[in-house]
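The following exercises concern charged side-chain pairs and backbone torsions in a single model. Each task is followed by a solution that proceeds step by step.

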Amino acid sequence: MAEFLQVLYHQTMDYLQAGGAVMPPLVMVSLVMWLLIFKRAFFFRRLSRRNMPFRTAREHVQQGRLPDRRRYSGAIALLVTHFLQARSGERVLDRFILEETVQRINRSLTDHLQVIGVLAAVAPLLGLLGTVTGMIATFDIMSVFGTGNAKAMAGGISEALITTQTGLLVAIPGLYMKGSLDRRARNLQQRITAAGLFLRRHL
């Protein structure tokens, strides 16, 4: 196992070195993008599990009782918790507080999603930049040695292809995950909005 990891490490380092100066930014873009994706995915997973039924949420609001986190950890429990922590005790004002709480939670669900989309879109552009620098390096070598130095020419072509490949490998799953997270955020927003309307009728 250790030998396999060592070989894999050396192959990865060789791959990154062959890609040239564009590879470190591409790796950074990929790391930040996947960090944000996992952070959002775990957050949405937590909000989608152990959801509180609407009637139970109404009972908690009417009794002013915070949800038990061991039993309810979903989106509606989050709404009830935030609302109970901010409510004033006046019916009219509480309705505005409830609406504001729904909007604030719904806005928080889309945090980082635009950044993920931008990072996924930037990756192929960085790959294209690597393609340009790789081809420039190839033409520089051709201008000095002609077409007789195939090994030096292959270095520039390899840089161009590796950066293009890496940019696409970062962008394609990133855009797919961005779309998936957008759908999950919309579903949670609809659920929270529906719960807010239900609770508002019983305030």
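**Exercise 1.** Determine which interaction joins the side chains of Asp68 and Arg70, and classify the accessibility of each residue.

Solution. In this predicted model, the N to O distance between the side chains of Asp68 and Arg70 is 3.5 Å. The criterion requires a side-chain nitrogen of Lys or Arg within 4 Å of a carboxyl oxygen of Asp or Glu, and the pair therefore forms a salt bridge. For the accessibility, Asp68 has a relative accessible area of 34% and is partly exposed. Arg70, at 69%, is exposed, since the class begins over 50%.

**Exercise 2.** Classify the accessibility of the two partners in the salt bridge between Arg87 and Asp94.

Solution. The side chains of Arg87 and Asp94 meet at 3.6 Å, N to O. Arg87 has a relative accessible area of 29%, which makes this residue partly exposed. Asp94 has a value of 2%; because buried means under 20%, Asp94 is assigned to the buried class. The salt bridge thus joins a partly exposed arginine to a buried aspartate.

**Exercise 3.** State where Lys178 and Asp182 lie relative to one another along the chain, and whether Lys178 is buried or exposed.

Solution. Asp182 and Lys178 both belong to helix H7, which covers residues 150–201. Because they are four residues apart in this helix, about one helical turn separates them. Their closest N and O atoms are 2.7 Å apart, in a salt bridge. Lys178 has a relative accessible area of 14% and is buried. A search of the whole structure finds five salt bridges, among them this pair.

**Exercise 4.** For Arg50 and His112, give the sign of phi, the location in the chain and the accessibility class.

Solution. The reference point is that most residues other than glycine have a negative phi. Arg50 has a phi near 45 degrees, a positive value in a residue other than glycine. The residue is placed in the loop between helix H2 (23–48) and helix H3 (54–63). With 45% relative accessibility, Arg50 is partly exposed.

For His112, phi is near 75 degrees, again a positive value in a residue other than glycine. His112 is found in the loop between helix H5 (91–109) and helix H6 (113–145). Its relative accessibility of 29% places His112 in the partly exposed class.

Key. Residues numbered from 1 in each chain as written. Predicted model: local features only at pLDDT ≥ 70, side-chain atom pairs only at ≥ 80, totals over all residues. Heavy atoms only, no water. Buried < 20%, exposed > 50% of the residue type's maximum accessible area, 1.4 Å probe, protein only. Helix = DSSP H or I, 4+ residues; strand = E, 2+ residues; numbered from the N terminus.
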